[in-house]
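This report walks through one chain, from its overall layout to the local backbone. Please keep the 3D view open while reading.

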Amino acid sequence: MKESSFKKKKIGVLMGGLSREREISLRTGKAIHKALLEKGYTACPVDVSRDIAERLMKEKIEIAFIALHGRYGEDGTIQGMLELMGIPYTGSSVLASALCLHKIMAKKILLHEKVPTPPFEFLKREEVEREAPRKISLPFPLVVKPAQEGSTIGISIVRREEELLRALKEAGKYDEEILVEAFMKGKEITVGILNDIPLPIIEIAPRSGFYDYHSKYTKGETEYIVPARIPREKYLHAQEISLRAFQALGCSGCARVDLMTDEEGNPFVIDVNTMPGMTETSLLPKAAEYVGISFGELAERILLGASLKTESGK
Ligand SMILES: Nc1ncnc2c1ncn2[C@@H]1O[C@H](COP(=O)(O)OP(=O)(O)O)[C@@H](O)[C@H]1O
Ligand SMILES: [Mg+2]
């Protein structure tokens, strides 16, 4: 049985890392490490830096639980290294990780697969001064985002043309490609997916109206409602398109799909997170708990999905 064979292996919980979401990752990693120890696994924390390959060899890590967010953790790079080293790892493959972290590439695939996503345009950093706002034809309000970042870093809501250039420059600080997306006026919801099964939907209601870094990680700044208060038909539709997004992008294990609804309550996928936050108060564990899956069980299920994906062609 997989569980007993995993109990004999040395598991490294890879956390921290080099991205701007380092602090959140440390919180996620510590919670996972504690849960795995409680479940009887031999797990040790591994703070990821440039010498990670050497460290994994020295510590004789046999399975990697990836608890990293953002670049070098959620973007396929560490996954590629683990594939080469032959160390099975949790979560999505190199390709799925890279696609999901790159919001423009992810949206191109969602469009192709007819998964609803807000209308969008994109441009390169060097086009900002030269061509914007001429290049943008979507009507206001808009949301401007760096192609690859998380935790709402570098994102602005733009209500008037005069604000556009500043928002583009701000996003351009974080990535050379910039996404400009139609602003959706409805509710914000998120759907956790665990091994191809959508979990109950969580509705996110930030007190400030914008789910930014502060609202995401400060206690009491955001209200979370499970299950989301949306009509049954739209609820099921949101779960269905979230699962389709997960599958279209080739995700494995768990993910959290962020959506916004329009004024009529129709859901649109805005963001697929292949390594969602996993502190005891994060959203994926909250949704899992609602269907009776404890934090420890969730961590264990994710762990037991660890594999090498290149071999199987996935
Ligand atoms: N198209 C949109 N319409 C309205 N709000 C949006 C839109 N896109 C993003 N947001 C807001 O910005 C937040 C962060 O955007 P998201 O695309 O999820 O990026 P991140 O990777 O930083 O989580 C969302 O949680 C939501 O509150
Ligand atoms: Mg998001």
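A residue is called buried here if 20 or more other C-beta atoms lie within 10 Å of its own, exposed if 12 or fewer, and partly exposed in between. The model is predicted. Helix α11, residues 283–290, shows the term in use: L283, L284, P285, A287 and A288 are buried. These buried residues of α11 pack against β8 (188–194), β9 (197–206), β10 (222–225), β11 and α12 (295–304). Just after α11, G292 takes a positive phi of about 85°.

**Overall layout**

The chain has 13 helices and 12 strands. Its radius of gyration is 19 Å, close to the 20 Å that the globule rule gives for 314 residues, so the chain is as compact as a globular protein of that length. The C-alpha trace spans about 60 × 45 × 35 Å along its principal axes. Of the 314 residues, 46% count as buried. Among contacts with a separation of 6 or more, 69% come from residues 24 or more positions apart.

**Domains**

The chain is divided into three parts: domain 1 (2–91 + 298–312), domain 2 (99–116 + 185–274) and domain 3 (120–182). The C-alpha centres of domain 1 and domain 3 lie 34 Å apart. Their contact takes 7 residues from domain 1 and 4 residues from domain 3. On the domain 1 side, the touching residues divide into 1 nonpolar, 2 polar and 4 charged.

**Nonpolar cores**

In soluble globular proteins, nonpolar side chains tend to be buried together. The largest nonpolar core here has 71 residues. Within this core, V13, L14, A245, L249, V269 and V272 touch the most other members. Domain 1 and domain 2 both give residues to the core, so it lies between them.

What does V13 touch, leaving aside its neighbours within four places in sequence? Its contacts are G29, I32, H33, L36, A43, P45, V46, F65 and A67.

Apart from the largest core lies another, of 15 residues. Its members include I104, I155, I178 and V180.

**Ligand 1**

Which domains give residues to the shell around ligand 1? Domain 2 and domain 3 both do, so the ligand lies between them. The shell holds 18 residues, and the closest are V143, T152, M184, Y211 and D271. By class, the shell has 9 nonpolar, 3 polar and 6 charged residues. Three strands each supply at least two shell residues: β5 (142–146), β11 (254–261) and β12 (267–273).

**One helix residue**

L168 lies in helix α8, residues 164–172. It has 23 C-beta neighbours inside 10 Å; with the cut-off at 20 or more, L168 therefore counts as buried. L168 and L95 are 73 residues apart in sequence. In space, C-alpha to C-alpha, these two are 27 Å apart.

**Backbone exceptions**

Most residues other than glycine have a negative phi, and most peptide bonds are trans. The table lists exceptions, with the loop that holds each residue.

| Residue or bond | Feature | Loop |
|---|---|---|
| F140 to P141 | cis, omega near -5° | P141 between α7 (127–131) and β5 |
| V226 to P227 | cis, omega about -10° | P227 between β10 and α10 (232–248) |
| Y72 | positive phi, near 60° | between β3 (63–66) and α4 (77–85) |
| D196 | positive phi, about 70° | between β8 and β9 |

Are the two positive-phi residues in the table buried or exposed? Y72 has 18 C-beta neighbours inside 10 Å, so Y72 counts as partly exposed. D196 has 11 other C-beta atoms within 10 Å, so D196 is exposed.

**Where the pieces meet**

Some elements recur. Strand β5 supplies shell residues for ligand 1, and the loop between α7 and β5 holds P141. Strand β11 also supplies shell residues, and the buried residues of α11 pack against β11. Strands β8 and β9 are packed against by those α11 residues too, while the loop between β8 and β9 holds D196. Strand β10 is another packing partner of α11, and the loop between β10 and α10 holds P227.

Technical notes. Residues numbered from 1 in each chain as written. Chains lettered and ligands numbered in written order. Predicted model: local features only at pLDDT ≥ 70, side-chain atom pairs only at ≥ 80, totals over all residues. Domains from an automatic or database assignment. Contact = placed C-beta atoms within 7 Å. Nonpolar A, V, L, I, M, F, W, Y, C, P; charged D, E, K, R; others polar. Helix = DSSP H or I, 4+ residues; strand = E, 2+ residues; numbered from the N terminus. Rg over C-alpha atoms; globule rule 2.2 N^0.38 Å. Near = placed C-beta within 6 Å. Core = buried A, V, L, I, M, F, W, Y, C linked by C-beta atoms within 7 Å.
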